[in-house]
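Subject: Structure handover

Hi,

Here is the structure I promised to pass on. Have a look at it first, and then read my notes underneath.

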Amino acid sequence: MLPYNIDHVAIAVRDLDAALADLKEQYGTEPLSREVIESQGVEEAMVPVGASYIQVLQPLGPETPVGRFVEKRGEGLHHIAFSVPDIEAAIEHLESTGVRLIDHEPRVGGGGNRIAFVHPSAFAGTLVELVELVEEPT
Ligand code: CO
């Protein structure tokens, strides 16, 4: 069940364009993709850094999970995502350890990947996302 990569580190922001401009100016990075994910209430951009990404998340409104996060805690680290080879096996393993999961079944996330979230109470107050990629990284 060992994750084989940090797929992405997600940062919640109020203004996606401004955040992407900051990343470009400071690190010379540019987003590889950008999409609105209505089911999660976010617009997200994936900015490659080595074999991983920074996922920049802007809430679509204040009454979304990321909108409430930004209202309460301000901009900043929202979650980390581990790539796993088999998301069902990862979920089953985590269930066997007794931790609280947000998703007991995978759902479809950005890029069509299969994802599931683990409650922040499981590990140091940090929201963890499991990702099974539909395409292996090249
Ligand atoms: Co994510």
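A quick word on naming before anything else: helices (H or I, at least four residues) and strands (E, at least two) are DSSP runs, numbered from the N terminus. With that in hand, you can place T29 in the loop between α1 and β2. Please keep in mind that this is a predicted model.

Let me stay with T29 for a moment. Its relative accessibility is 14%, so it counts as buried, the cut-off being under 20%. A polar atom of the T29 side chain lies 3.3 Å from the backbone oxygen of L23. If you set aside the neighbours within four places in sequence, T29 is in contact with L23, K24, V47 and P48.

That brings us to the helix that comes before this loop. Helix α1 covers residues 16-27, which is 12 residues. From the first C-alpha to the last it reaches 16 Å, close to the 16 Å expected at 1.5 Å a residue. At the start of α1, D15 has a side-chain oxygen that comes to within 3.1 Å of the backbone nitrogen of D17. Just after α1, you will find G28 with a positive phi of about 75°.

Which residues of α1 are buried? They are L16, A19, L20 and L23. Looking down the axis of α1, you see its buried residues fall within an arc of 100°, so they line one face of the helix. The face turned away from that buried side carries the exposed residues D17, E25 and Q26. As for what covers the buried residues of α1, the list includes β2 (33-37), β3 (42-49) and β4.

Now for the metal. There is a cobalt ion, coordinated by H8 (NE2), Q55 (OE1), H79 (NE2) and E129 (OE), at 2.0 to 2.3 Å. Along the chain, these donors follow the spacing H-x46-Q-x23-H-x49-E. One pair among them links distant parts of the chain: Q55 sits in strand β4 (residues 52-59) and H79 in strand β5 (residues 76-83), 24 residues apart. Both are tucked away from the surface by the numbers: Q55 is buried with a relative accessible area of 5%, and H79 is buried at 3% relative accessibility.

Why is the arrangement around the cobalt ion irregular? The 4 donor atoms subtend angles of 82 to 170°. Four donors would count as tetrahedral only if all angles lay between 85 and 135 degrees, so this site does not qualify.

Two more spots are worth a click. The first is E132, which lies in strand β8. E132 is buried, with a relative accessible area of 17%. Its side chain reaches the backbone nitrogen of I87 at 2.8 Å. Not counting residues up to four places away in sequence, E132 touches V84, P85, D86, I87, E88, N113 and R114.

The other is A124, in the loop between β7 (114-118) and β8 (127-132). A124 is not a glycine, and yet it has a positive phi of about 50°. Is A124 buried or exposed? At 68% relative accessibility it is exposed, because the cut-off for that is over 50%.

That's everything from me for now.

Cheers

Notes. Residues are numbered from 1 along each chain as its sequence is written. This is a predicted model: local features need pLDDT of at least 70, side-chain atom pairs count only at pLDDT 80 or more; totals for chains, interfaces and linings use all residues. Side-chain values use heavy atoms; hydrogens and water are left out. Donors are N, O and S atoms within 2.8 Å of the metal (3.2 Å for Na, K and Ca); water is not among the atoms, so sites may look incomplete. Four donors count as tetrahedral if all angles lie between 85 and 135 degrees; four count as square planar and six as octahedral if opposite donors are over 155 degrees apart and all others between 65 and 115; anything else is irregular. Buried means under 20% relative accessible area, exposed over 50%, partly exposed in between (1.4 Å probe, protein chains only). The expected span of a helix is 1.5 Å times one less than its number of residues. The arc is that of the directions from the helix axis to the C-beta atoms. Contact means heavy atoms within 4.5 Å. A polar contact is a pair of N or O atoms within 3.5 Å; within protein, one must be able to donate a hydrogen and the other to accept it, and residues adjacent in sequence count only if both atoms are side-chain atoms.
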